[in-house]
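Here is a small set of exercises, each followed by a worked solution. Have your viewer open and try each task before reading on.

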Amino acid sequence: MARYSLGVYGDDTEIQACLFNSGESTIEKLIRRRRDVAHGRPVKSFEEDVKSLISEIGFRAEKNITALSGQYVMYRQMKRPFTDRKKIAETVGPEAETLLPVGDDLKVDFVIVGKDDAGETLIEAAAARKTEVEKIVSGLRNAGIDPEVLEAPSSAIGAGARNIFNLGEEKGYVVIHMGWRDTSICILHGNVVKHMGSLPQGFEMLLESVAKDMAISINDAFEKAMETGIDGGGHLDRLIMEVMISLYKIPREVENYIAIPAGYATCINDFSTMLESSEIYNSQPSFKGIIYDGSTKDMMLSFMSVSLAFRGEDKVDMVNFYQNANPFTAQLGKLKAQFGVWVKAAVILVVLWGIGYTADTVLKSRISHKLDAQVKKQFAMLMPPGSPMVDPVIQLEQRLKTLNSEYGTGAGAGQSPLAVMRELSEKIPADLNTVIDSLTLDESALTISGTTDSYENVEKIKSGISKIPFIREVKIISANVNKNDQKVIFKLTCSMGGPK
C-alpha cells in the first residue's frame, strides 16, 4: 500500500521538496529551486514560493514534514541524573532559556544521546524562537500544508543518513549539511545520534572568499560550483576546526569517523580531502534499496528535504517544535479534559429528572411538596443570603462549581498554614541541605522556591511532598544551577485538594 510523505525545506535563497512513497521505497519527485532575491531578501513570500513548489509537485501527501532553517535553531548539551523523558521535559525548557542568549519565548525539544562516565543522562537540546515557529507554520498553512512535524535540521539529517545509507554499528559518521548561511552537523555512532549542532559558516561565506581569490563575481562562482565544483582550500579551516571541536564533545566510542557531505558541501571538490587530514575519512557508506531516477548528486544537494520526507515513517531521535500546536488536537485535548465534568453533570440531571418524574407520577403532589421543601432547605443552607430561588437545581450546580474552583474538590484544600508547614517539615528529608526561600499558599495551590545541592535532591523533595495527603500533584517548574555556588535553584508548584 502506497504511503506518501512530503518533506519541504527552505531558507532565504532556496526552497526544496521531496515526495517519498514509503510503501515502495521510492522517491517520486525531488524539486529544488533558487528563490528570486533582491538586496539580500527574497522577492516573493515564503508562502508564495511554497505554493509554486507544491503545484509543481502536483500531489497531496498524507504526512507533511518541514524544518526550521538552521540559522533559527540553537543547540545546547545538558546532563540529567535521570532518564525519564517526562522528568527531563519538566526541567530542560527552563534551563535552555537561561543558557541561550535570547529573551523571547522558546520552543524547546531534546534528544537523549547516551550517558557519561558518571552515569548521568546526556541530552542534546534544540531551541527556537516561538515567533519563528509560528511564522513558518503560518506560511505553510496558507500554502495549503499543515505540517505534522517541524524538525531541527541537525536531527533531520541524522535520520536521513540512517534511512538512506547502510551504517555500520561499529563506525562513527559525521553528517555535514552545508546550507547558504550555516552548516548543520549530526554525529552518529552506527544508527544512534550522539551530537547535534549548527556551525556559523555557510556556502555564501565560502563563495565570497573563493570569488575574491578567482577575481570573479559571486554569481559566477556559484555557477561554477554547481557545474564543476570549487576548491575551498584554507577557507575551510575554520569549519573543519568547528567539526573537530564537536567531535571532542562526545565520548569516543568508535575507532574512526566517516564523513557524509550533504547540501552545498557536495559542491566543494576538496572538502573530503581536507576532512581526511583531520582523520575523518571519505569512504561513503553504501545506499539502501531506495528507488530514484535522478542522480546521486541531486539527492545529496536536496538531502534536507529527502531526510524530512523519511521522517514520515522514522520518529527515532526526532525534534519537533510543533508539538501540541495543531488546533484540532489542542481542542480535542480540551474536550477530553471537560468530558468527565460533563458526564457527571449529565448523570446528576438524569437522576434528578428520574426522581422528579417518578415522584410526580406515583406520589403526586404530596411527595412533590416534600421535595420542594427539601430543595428550599438545601438552597437556604448553601446559597448566599438573599439569593432568589428561580431554578434551584441549576443554581445549586453553579454554586457547587464555584465552591470547587475556590476550595478544591476534596478534603484538605482548606488546610491551615500551620498544618501545611508541619507536613512539609516532616516530608522533606532533613539531610538534603535544602533552604526554602519562599512559600506561597492559597486555597488551591502551594508554590515553593529554594536551593539545594543537586537535581537528585529536587526529585527527592518532589517525592516527599507528593506523600502529603492533601497534595494532589507536584510539578517541577524550574531547576537551574547557580553558576556562582553550583547550588540548584528550584521552584515547585503543588495542587491542593482531596485524596489522590
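**Exercise 1. Two helices in contact**

Are α4 and α10 roughly parallel or roughly perpendicular to each other?

*Solution.* Bear in mind from the start that this is a predicted model.

Step 1: find the helices. Helix α4 covers residues 153–164, and helix α10 covers residues 303–310.

Step 2: take the geometry. The two pack at an angle of about 75°, and their axes are 8 Å apart.

Step 3: classify the angle. Angles of 65 to 115 degrees count as roughly perpendicular, so α4 and α10 are roughly perpendicular to each other.

Step 4: list who touches whom. On the α4 side the contact is made by P153, A156, I157, G160, A161, N163 and I164, and α10 brings F303, M304, V306, S307, L308 and F310.

Step 5: sort these residues by class. The contact of α4 with α10 has 10 nonpolar residues, 3 polar ones and no charged ones.

**Exercise 2. A second helix pair**

Describe how α5 and α6 cross, and say which classes of residue make their contact.

*Solution.* Step 1: helix α5 spans residues 203–214 and helix α6 spans residues 218–227; their axes cross at roughly 105° and come within 9 Å.

Step 2: this crossing makes α5 roughly perpendicular to α6.

Step 3: F203, L207, E208, A211 and M214 of α5 meet I218, A221, F222, K224, A225 and M226 of α6.

Step 4: by class, the contact of α5 with α6 holds 9 nonpolar, no polar and 2 charged residues.

**Exercise 3. An open sheet and its helices**

In what order do the 4 strands of the open sheet with β16 and β17 stand?

*Solution.* Step 1: the order is β16-β17-β19-β18, and the pairing is antiparallel.

Step 2: look at the edges. β16 (435–441) and β18 (471–481) each have a single partner strand, so one side of each is left without a neighbour in the sheet.

Step 3: check the twist. Neighbouring strands of this sheet are turned against each other by 15° on average, direction ignored.

Step 4: zoom in on one pair. β18 and β19 (residues 488–496) run antiparallel and are joined by 9 bridges. Within this pairing, K475 stands opposite T493 in β19.

Step 5: add the helices. Helix α13 (residues 417–427) lies across β16, β17 (445–452) and β19, and runs at about 145° to β16. Helix α14 (residues 455–466) lies across β17, β18 and β19, running at about 165° to β18.

**Exercise 4. Two hairpins**

How many residues lie between the strands in the hairpin of β2 and β3, and how many in the hairpin of β12 and β13?

*Solution.* Step 1: strand β2 (residues 14–21) and strand β3 (residues 26–34) run antiparallel, with 8 bridges joining them. In register, I15 stands opposite R33 in β3.

Step 2: the hairpin of β2 and β3 has 4 residues between the strands, and S25 in the turn has a positive phi of about 50°.

Step 3: strand β12 (residues 183–189) pairs with β13 in the antiparallel sense over 7 bridges. Here I185 stands opposite G197 in β13.

Step 4: the hairpin of β12 and β13 has 2 residues between the strands, and G190 takes a positive phi near 65°.

Step 5: finish with burial. Of the 8 residues of β13 (residues 192–199), 6 are buried.

**Exercise 5. Positive phi in loops**

Where are E279 and N433 found, and is each exposed or partly exposed?

*Solution.* Step 1: recall the background. Most residues other than glycine have a negative phi.

Step 2: E279 is not a glycine, yet has a positive phi of about 65°. E279 sits in the loop between α8 (271–276) and β15 (280–281). E279 counts as exposed because its relative accessibility is 53%, and the cut-off for exposed is over 50%.

Step 3: N433, also not a glycine, has a positive phi of about 50°. The place of N433 is the loop between α13 and β16. With a relative accessible area of 44%, N433 is partly exposed.

**Exercise 6. The whole chain**

What share of the 500 residues counts as buried?

*Solution.* Step 1: the share that counts as buried is 45%.

Step 2: the chain exposes about 25,500 Å², of which carbon and sulfur atoms supply 53%.

Step 3: the secondary structure comes to 14 helices and 19 strands.

Key:
Residues numbered from 1 in each chain as written. Predicted model: local features only at pLDDT ≥ 70, side-chain atom pairs only at ≥ 80, totals over all residues. Heavy atoms only, no water. Buried < 20%, exposed > 50% of the residue type's maximum accessible area, 1.4 Å probe, protein only. Areas by Shrake-Rupley, 256 points an atom, 1.4 Å probe, with all protein chains shown as cover. Pairing = 2+ DSSP bridges. Axes fitted to C-alpha atoms, helices over the stretch in contact; angles between N-to-C directions. Contact = heavy atoms within 4.5 Å. Parallel < 35°, antiparallel > 145°, perpendicular 65-115°, else oblique. Nonpolar A, V, L, I, M, F, W, Y, C, P; charged D, E, K, R; others polar.
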